[in-house]
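Colleague: Could we go through this model together? I should like to ask about its cysteines, its interior and a few individual residues.

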Amino acid sequence: MRETAVILLNYMSWEDTLAEMKLLRERLGILYEDMIVIDNASPNESANQLSHGAQRLGYVFLKAPGNGGYASGNNIGLRYALEKGYRYGWILNNDILVEDGDILKKLIHVLESGQDIAVVNPDIYSPKGHLYNRDSVRPSLFYQTLGAFLYIPLGRRIKDMGGYAYIYRPQGCCMLLELKKCAQADFLDENTFLYFEENILAERLLRKGYYCACCTSARVIHNTSKTVRTQLQKKQLGQIKRTSYEYYLKEYLRYNKWKRKYCEIFYRLKCLILD
C-alpha cells in the first residue's frame, strides 16, 4: 500500500504551490510523485504553469472543472489518492512553512495511536508566534453566543495523551486524513464554498464514531490565507462566512430557526470586534 499523498489546492498562486512542493521535497524528502496538485479553475496562467511543472517534476496535476471552493477542490485530491491506494491524504495550504523534518512521521504516529482517530493536525502558529486555537471542545449554544469569548481559552486546553490530544475539529490548512475512515463520512461536504469545512468534517466523522486529534509535538507556521484575502473583498468574505455558518448550524448542529438567529447575531458581533 502506498502511504501518504500530499494534496495541494491551488488558486491563482502557482508560484507559491511550486515553492511549497520544493520545500517538502528538500526538508521532508517527499517524492514529487506523491504530491497531488489541484488547480481550482484559476482565471490566470496557473493551470498551464502547473501542468508544465508536472511534466518536468513528475507530480500529479488535476484540473477542477470549476471553482467549487475549498471542500470541492480538496475532495478531488482525496478521492484520487484513495483510488490510487494511498492510506493517508495530507491536505496542505501552499502558504505553510514546515521546519520539522519528522512532522509527517509524528502525524502518522498519532493516527496509529487510536483506532477512533481519523484526522490529525499539528499545532498551527502565525509568523509572529501566535498559537491558533486548537478548538478542543465542541462548541455549545452558550459558547457560540454569550460565552463566545470564554471559548477562546477553553478551546486551547487539552488533555495530553503523550504528544497528542483529542480535539473537536482539525485545522484545514494542514491536516492528515486516514482516507478509508474519512471516505466513510464521504470526505468534505461540498455545499460550502469556504469556511466551517473543518467543523462540518468533524460532525460527519462523529456520526461514524471517529474523532480528530492535535499532535502537540509538531508545529507549522501558517501565513494566513494570502490567496483568500488577496482575491476576495472583505464584504464577500463576510457573506461567505455567514452562509457557511448558517449551513453548519442548520444541517449539522440541527439548530432551529431561532437558535440560528441567536448564534448569527453573536457571530456578527464577534467578527466586527475581531476584524
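Modeller: The conversation below takes up these topics in turn.

Colleague: What kind of model is this, and how are its residues numbered?

Modeller: This is a predicted model, in which local features need pLDDT of at least 70 and side-chain atom pairs count only at pLDDT 80 or more, while totals for chains, interfaces and linings use all residues. Residues are numbered from 1 along each chain as its sequence is written, and side-chain values use heavy atoms, with hydrogens and water left out.

Colleague: How many disulfides does a search of the whole structure find?

Modeller: The search finds 0 disulfides, a disulfide being a pair of cysteine sulfur atoms within 2.5 Å.

Colleague: Why is there no bond for C214?

Modeller: The closest cysteine sulfur to that of C214 belongs to C215 and lies 7.1 Å away, which is too far for a bond.

Colleague: And what about C263?

Modeller: For C263 the closest cysteine sulfur is in C271, at 13 Å, again too far for a bond.

Colleague: Is C214 buried or exposed?

Modeller: C214 is buried, at 1% relative accessible area. Buried means under 20% relative accessible area, exposed means over 50%, and partly exposed lies in between, with a 1.4 Å probe and protein chains only. C263 is buried too, at 0%.

Colleague: On to the interior: how many cavities of 30 Å³ or more are there?

Modeller: The count comes to 1 cavity of 30 Å³ or more. A cavity is a set of points on a 1 Å grid over the protein atoms alone where a 1.4 Å probe fits but cannot get out; its lining residues have an atom within 4 Å of a point. Grid points are joined across faces, edges and corners, and the volume is the space filled by probe spheres set on the points.

Colleague: What is the volume of the largest cavity, and which residues line it?

Modeller: Its volume is about 30 Å³. The lining consists of N121, P122, D123, I124, L131, Y132, N133, R134, Q171 and C214. Strand β6 (residues 117-125) supplies the largest share of that lining, 4 residues. Helices (H or I, at least four residues) and strands (E, at least two) are DSSP runs, numbered from the N terminus.

Colleague: A change of topic: which residues of α1 are buried?

Modeller: They are W14, T17, L18, E20, M21, L23, L24 and L28.

Colleague: What do they pack against?

Modeller: The buried residues of α1 pack against β1 (2-10), β2 (35-39), α2 (46-57), β4 (86-92), β5 (96-97) and α4 (103-113); contact means heavy atoms within 4.5 Å.

Colleague: Where is R27, and what does it touch?

Modeller: R27 is in helix α1 and is partly exposed, at 43% relative accessibility. Leaving aside residues up to four places away in sequence, R27 touches L97, V98, E99 and G101. R27 and D102 are 75 residues apart in sequence, with their C-alpha atoms 9.2 Å apart in space.

Colleague: What is the phi of G29, just after α1?

Modeller: G29 takes a positive phi of about 75°.

Colleague: And which residue has a positive phi of about 55° although it is not a glycine?

Modeller: That is A41, in the loop between β2 and α2, where A41 is partly exposed at 27% relative accessible area. F196, likewise not a glycine, has a positive phi of about 65°. F196 is found in the loop between α6 (179-184) and α7 (197-206) and counts as buried, at 15% relative accessibility.

Conventions:
On a 1 Å grid over the protein atoms alone, a cavity is a set of points where a 1.4 Å probe fits but cannot get out, and a pocket is an open set with protein on both sides within 12 Å along at least five of seven lines; lining residues have an atom within 4 Å of a point.
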